[in-house]
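Reader: Hello! I am new to this structure and would love a close look at one part of it. Could you walk me through it at an easy pace?

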Amino acid sequence: MSTRTPPAPQPAQPQSAQPQPAEPPAPSKAVPSRRQSHAPGGRPTRRPPVGGYLWMLAAVAVMILPLVWMLLASFKEPDEIYTVPIQWLPSGWDLSNYAQALERVPFGSFFANSLFVTLIGAGLKIVLGLTTAYALVFVDVPFKKVFFAVVVFALLVPQQIVIIPNYTLVAELGWLNTYQGIILPGLASAFGTFLFRQHFLSLPASVMEAAVLDGAGHLRRLFQFVVPMSAPTIAAVALVSVVNEWNEYLWPLLVVDRAEMMTLPVGLTLLQNNDGVTNWGVLMAGTVMVTVPVLALFFVLQRRIVSGLTAGAVTG
């Protein structure tokens with residue numbers, strides 16, 4: 001019986017090496033352009049335009065330089081004001097011009113008159129503007145669009161046109177040299193009514209509907225719901241009204257000729273000499289005392305001005 005020998009094992013053939021996938025090429029770094037720079041997050045940012053800043057600085061200089069000159073001139077002697085070339089800084093910070101201004105005219109009486117006229121006039125303008133705008137938005141009255149068109153048209157009419165009719169009426173009523181003669185003819189504020197109306201259109205309707213369901217009347221809706229939601233707009237209208245009342249010159253000059261009833265802008269005319277030689281240092285000191293209260297009020301309310309003037313800007 002023959003035995004069968006097993007076949008000899010054949011040597012294992014080496015496996016061919018598998019091709020390795022090629023590594024992706026490294027992304028090339030984009031070279032930023034000269035006109036753009038990249039923020040830390042990789043977002044391109046543009047450099048601020050230098051020309052725009054230059055124009056803005058020029059506009060600010062045109063508005064600020066007269067105020068700076070007025071302030072510096074209030075500390076100068078008369079010969080320093082007329083020097084050529086211009087001498088900006090005074091040789092000494094002397095308060096004699098302010099002392100002369102307070103001695104020559106009754107500034108205390110002028111300030112009290114201006115304060116009373118400004119507070120009463122601006123306050124009544126705000127109240128009338130609020131009530132008129134509320135009626136134009138939330139009260140169902142016929143011809144509301146016609147009334148609003150009249151308000152807008154009043155913005156286009158210069159106040160100088162109505163000076164003669166107003167003066168005739170005030171004189172016939174015997175209101176010359178009186179507070180009511182100064183205040184009442186200028187109470188209609190088309191600007192305040194327009195701004196309040198545009199803001200009221202942007203208020204949420206759900207709040208007013210809830211007030212109606214609660215049984216609130218029109219005055220309660222106005223002063224408990226609408227007014228608290230309109231603080232920025234009220235601040236903007238208040239600032240504009242206060243500045244206009246405080247700086248009003250032409251109308252008080254026409255209806256007042258007694259020194260005890262003059263406001264500050266009109267009282268400054270008493271600092272001018274009738275012989276044609278005016279001490280500009282004293283006059284500039286008086287002008288500074290008239291301007292400082294308005295500037296202080298502006299800095300207090302400046303945060304609310306922009307938000308109040310733009311409230312309801314996208315509402316038709």
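At what angle do the axes of helix 4 and helix 10 cross, and within what distance do they come?

Author: Happy to help, and one word of caution before we start: this is a predicted model. Helix 4 covers residues 107-138, and helix 10 covers residues 218-226. Their axes cross at roughly 105 degrees and come within 11 Å. The reasoning from there is short: an angle of 65 to 115 degrees counts as roughly perpendicular, and therefore helix 4 and helix 10 are roughly perpendicular to each other.

Now look at the side of helix 4 that takes part. L130, T131, Y134 and F138 of helix 4 make the contact, together with H218, R221, L222 and V226 of helix 10. Sorted by class, the residues of this contact are 5 nonpolar, 2 polar and 1 charged.

Helix 10 also has a contact with helix 9, which spans residues 205-213. Here the packing angle is about 135 degrees, and the axes of helix 9 and helix 10 are 11 Å apart. That angle makes helix 9 oblique to helix 10. The crossing of these two helices is right-handed. From helix 9 come V207, M208, A211 and V212, and from helix 10 come R221, F225 and V226. By class, this contact of helix 9 with helix 10 holds 6 nonpolar residues, no polar ones and 1 charged one.

It is worth pausing on two residues of helix 10. R221 and V226 appear in the contact with helix 4, and R221 and V226 are also listed in the contact with helix 9.

Let us return to helix 4 and follow the chain onward to helix 5, residues 144-155. Helix 4 and helix 5 pack at an angle of about 145 degrees, with 9 Å between their axes. The crossing of helix 4 with helix 5 is left-handed. A135, L136 and V137 are the helix 4 residues here, and they meet K144, F147 and F148 of helix 5. In terms of class, the contact of helix 4 with helix 5 has 5 nonpolar residues, no polar residues and 1 charged residue.

The loop between helix 4 and helix 5 holds F143. Its phi is near 60 degrees, a positive value in a residue other than glycine. The relative accessible area of F143 is 61%, and since exposed means over 50%, F143 counts as exposed.

N177 makes a good companion to F143. Phi of N177 is likewise near 60 degrees, a positive value in a residue that is not glycine. N177 sits in the loop between helix 6 (163-172) and helix 7 (179-183). With a relative accessible area of 13%, however, N177 is buried. A polar atom of the N177 side chain lies 2.8 Å from the backbone nitrogen of D257. Setting aside residues up to four places away in sequence, N177 touches V255, V256, D257, R258 and M261.

To finish, here is a brief stop around helix 2, which runs over residues 78-81 and contains I81. I81 has a relative accessible area of 16%; buried means under 20%, so I81 is buried. Without counting residues up to four places away in sequence, I81 touches W69, A73, K76, W280 and G281. W69 is 12 residues from I81 along the chain, and the C-alpha atoms of I81 and W69 are 9.9 Å apart.

Before helix 2 comes the loop that links it with helix 1 (50-73), and S74 is found in that loop. S74 is buried, at 0% relative accessibility. Beyond its neighbours within four places in sequence, S74 is in contact with D94, N97, Y98, G281, M284, A285 and V288. G281 therefore gives you a handy landmark, as a contact of buried I81 and a contact of buried S74.

One last detail lies in the loop between helix 2 and helix 3 (96-104), where you will find P85. The peptide bond joining V84 and P85 is cis, with omega at about 0 degrees.

Technical notes:
Residues are numbered from 1 along each chain as its sequence is written. This is a predicted model: local features need pLDDT of at least 70, side-chain atom pairs count only at pLDDT 80 or more; totals for chains, interfaces and linings use all residues. Side-chain values use heavy atoms; hydrogens and water are left out. Axes are lines fitted to C-alpha atoms, for helices over the stretch in contact, and angles run from 0 to 180 degrees between N-to-C directions. Angles under 35 degrees count as roughly parallel, over 145 as roughly antiparallel, 65 to 115 as roughly perpendicular and the rest as oblique. A crossing is left-handed if the near helix is turned anticlockwise from the far one by less than a right angle, and right-handed if clockwise. Contact means heavy atoms within 4.5 Å. Ala, Val, Leu, Ile, Met, Phe, Trp, Tyr, Cys and Pro count as nonpolar, Asp, Glu, Lys and Arg as charged, and the others, Gly among them, as polar. Buried means under 20% relative accessible area, exposed over 50%, partly exposed in between (1.4 Å probe, protein chains only). A polar contact is a pair of N or O atoms within 3.5 Å; within protein, one must be able to donate a hydrogen and the other to accept it, and residues adjacent in sequence count only if both atoms are side-chain atoms.
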